[in-house]
Amino acid sequence: MKHVDENSAGDGVRELFKKLVRRTTPNGFEHLMYECIPHAQADHYGNRFVIIGSNPQHLFTCHLDTYPLDDDEGECMSTEIHLIDEGTIIRTDGTTILGADDKAGMTVMLSMISAGIPGIYGFFLAEEQGMFGSQFAAHDSLWNELMQDVKAVISFDRKGVESIITHQRNERTCSDEFALKLQAEFKKYDLDMMRDKKGSATDSYSFFQMYPHLQCTNISVGYWDQHTCCESQDILHLERLCKAAISMQWPIP
Ligand SMILES: [Zn+2]
């Protein structure tokens with residue numbers, strides 16, 4: 001079994017992404033990704049987190065599990081992926097999912113950690129099973145301690161290239177004011193993103209349920225057709241997003 005190189009966040013975004021998606025990592029196989037996260041701590045569920053700076057105001061999230069697809073025997077397996085790099089798009093040979101949902105989000109967060117951007121970085125398990133990892137964290141005393149100064153939860157986990165999610169499950173989870181500030185920052189780095197009310201629940205929603213006063217949003221990381229063997233990644237969007245995320249003005253007030 002191939003493992004991903006340590007300290008790979010220093011590589012180019014495309015190379016880092018391609019390393020992270022070498023294998024699918026459905027729930028139960030997230031441990032294959034642990035070694036990719038430098039200096040991470042673990043909670044009692046197995047979620048990983050990294051803290052940079054003191055009293056960080058943002059929790060950034062992604063999930064380590066990929067969408068589970070059963071093999072012929074009905075077993076959920078970690079499967080090797082045959083990548084096709086078409087330049088602007090990366091996809092598979094059509095026999096597996098790509099797992100850009102949410103290795104694209106992981107790519108953004110590893111780039112930010114590498115650049116030393118202050119924040120709490122949560123790498124959650126079992127999101128595709130029903131956000132179990134983040135549900136655990138949202139109710140956990142250790143995380144409650146960590147969350148003391150957090151004002152916003154930003155999940156790098158949304159299809160497409162232009163969404164800043166303001167509503168999840170038809171509930172407002174992020175103010176227009178906060179979303180517009182994010183939009184203005186992204187705009188400085190050639191990302192035309194906009195408010196989107198049609199969000200589905202991802203890990204930030206777990207925190208919204210427990211901490212409804214926080215700004216909780218999901219950001220488009222450039223994957224399409226997630227949960228299918230047609231899944232693809234707009235790698236140029238991901239490169240721009242990583243550049244923005246390590247260059248822009250954090251925290252968003
Ligand atoms: Zn996802």
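Q: Buried means under 20% relative accessible area, exposed over 50% and partly exposed in between (1.4 Å probe, protein chains only). What is the relative accessible area of phenylalanine 156?
A: This is a predicted model, in which local features need pLDDT of at least 70 and side-chain atom pairs pLDDT 80 or more, while totals for chains, interfaces and linings use all residues. Residues are numbered from 1 along each chain as its sequence is written, and side-chain values use heavy atoms, without hydrogens and water. Phenylalanine 156 is buried, and its relative accessible area is 1%.

Q: Rings of Phe, Tyr and Trp (its six-membered ring) pair with centres within 6.5 Å; planes under 30 degrees apart are stacked, over 60 edge-to-face, the rest tilted. Which class fits phenylalanine 60 and phenylalanine 156?
A: The whole structure holds 10 aromatic pairs. For phenylalanine 60 and phenylalanine 156 the centres are 6.0 Å apart and the planes stand at 25 degrees, so the pair is stacked.

Q: How many residues apart in sequence are the parts that phenylalanine 60 and phenylalanine 156 tie together?
A: Phenylalanine 60 is buried at 0%. It lies in strand E3 (strands are DSSP E runs of at least two residues, numbered from the N terminus). Phenylalanine 156 is in the loop between E7 and E8, so the separation in sequence is 96 residues.

Q: Which strands stand at the edges of the open sheet E4-E5-E14-E13?
A: The 4 strands pair antiparallel, pairing requiring at least two DSSP bridges. E4 and E5 share 3 bridges, with leucine 83 opposite threonine 92. One side is left without a neighbour, because each has a single partner strand, in E4 and E13.
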